[in-house]
Amino acid sequence: HEELDRAKETFETLDQTLSEVGRQVLSKHEELISLKVVFLPQVGFLVSIDKRQHAYDESTNTFPNIPEDFRFIFIQDEDAFFKNSDMDQLDEEIGDLDAFIKDTEALIVSDLEEEILECESELRSTFSALADLDCIISLAVCAA
């Protein structure tokens, strides 16, 4: 399960990756005061900006000073979330690691359960023999 191991390693360093990508995006777009790059499962990678720090028109729900390649996704509390080509690239290269890891682990558990069930009768007879042996040893210890 090397692919799962690689995905977990990538997931463990995701914060550093997102910080680095955030610095790169910020350096490309000097009109932005600050931003964060975040990952939301099933949504993907997003640029998050604090709408209090950037011009925001509540009547039209737009950000007039945001770079043209930023596509508005949604607002939550004081943060506005956008996609751009950098986020699309992260979606393509890294993808939804959380879902991939969970799906792969569930598949491994399912495969393991199937293998165990295939050996169920052998396991039951082994457990029964071990129980018998345990009883015999206990009787031998008591008799000694």
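**L130, to start**

I looked up L130 first and found it in helix α5. This is a predicted model, so I keep that in mind for everything below. Is L130 buried or exposed? Neither label fits: L130 is partly exposed, with a relative accessible area of 48%. I then picked Q16 as a partner for a distance check. The two C-alpha atoms, of L130 and Q16, are separated by 52 Å, and the residues sit 114 apart along the chain.

**Overall dimensions**

That distance sent me to the global numbers. The C-alpha trace of the protein spans about 90 × 30 × 25 Å along its principal axes. What radius of gyration does the protein have? I get 27 Å, where a compact globule of 144 residues would be near 15 Å. As for burial, 26% of the 144 residues count as buried. I also checked contact range: of the contacts with a separation of 6 or more, 54% are between residues 24 or more positions apart.

**Element list**

I counted five helices and four strands in the protein. Read from the N terminus, the order is α-α-β-β-β-β-α-α-α.

**α4 against α5**

Back to the helix that holds L130. Helix α4 covers residues 97-118 and helix α5 covers residues 120-143. Their axes come within 5 Å and cross at roughly 60°. Which residues make the contact? On the α4 side I see I116, L117 and E118, and on the α5 side E120, E122 and L123. Sorted by class, this contact has three nonpolar and three charged residues, and no polar ones.

**Cysteines**

I searched the whole structure for disulfides and got zero. C135 is in no disulfide, and the nearest cysteine sulfur, in C142, is 11 Å away. Why is C142 not bonded? Its closest cysteine sulfur, the one in C135, is 11 Å off, so the pair is too far apart for a bond; the cut-off is 2.5 Å. I noted accessibility for both. C135 is partly exposed at a relative accessible area of 47%, while C142 counts as exposed at 67%.

**The sheet**

Next, the strands. Four of them form an open sheet in the order β1-β2-β4-β3, with antiparallel pairing. Which strands are at the edges? They are β1 (36-40) and β3 (71-76), each pairing on one side only. Ignoring direction, neighbouring strands are turned by 35° against each other on average.

I also looked at what lies across this part. Helix α2 (residues 14-28) lies across β1 and β2 (44-50), and runs at about 135° to β1.

**β3 with β4**

I zoomed in on one strand pair. β3 and strand β4 (residues 79-83) are joined in the antiparallel sense over five bridges. Two facing pairs went into my notes: F74 stands opposite F81 in β4, and F72 stands opposite F82 in β4.

The hairpin of β3 and β4 has two residues between the strands. One residue to flag there is D77, which lies in the loop between β3 and β4. D77 has a positive phi of about 55° although it is not a glycine. That caught my eye because most residues other than glycine have a negative phi. At 64% relative accessibility, D77 counts as exposed.

**Q42, another positive phi**

Where is Q42? I found Q42 in the loop between β1 and β2. Its phi is positive, about 70°, although Q42 is not a glycine. Buried or exposed? Q42 is exposed, with a relative accessible area of 77%.

**D50**

My last lookup was D50, found in strand β2. Is D50 buried or exposed? D50 counts as buried because its relative accessibility is 16%, and the limit for buried is under 20%. What does D50 touch, leaving aside its neighbours within four places in sequence? I found contacts with E78 and D79. D79 belongs to β4, given that this strand takes in residues 79-83.

Technical notes:
Residues are numbered from 1 along each chain as its sequence is written. This is a predicted model: local features need pLDDT of at least 70, side-chain atom pairs count only at pLDDT 80 or more; totals for chains, interfaces and linings use all residues. Side-chain values use heavy atoms; hydrogens and water are left out. Axes are lines fitted to C-alpha atoms, for helices over the stretch in contact, and angles run from 0 to 180 degrees between N-to-C directions. Contact means heavy atoms within 4.5 Å. Ala, Val, Leu, Ile, Met, Phe, Trp, Tyr, Cys and Pro count as nonpolar, Asp, Glu, Lys and Arg as charged, and the others, Gly among them, as polar. Buried means under 20% relative accessible area, exposed over 50%, partly exposed in between (1.4 Å probe, protein chains only). Two strands pair if DSSP finds at least two bridges between them. The radius of gyration is taken over C-alpha atoms; the globule rule is 2.2 Å times the number of residues to the power 0.38.
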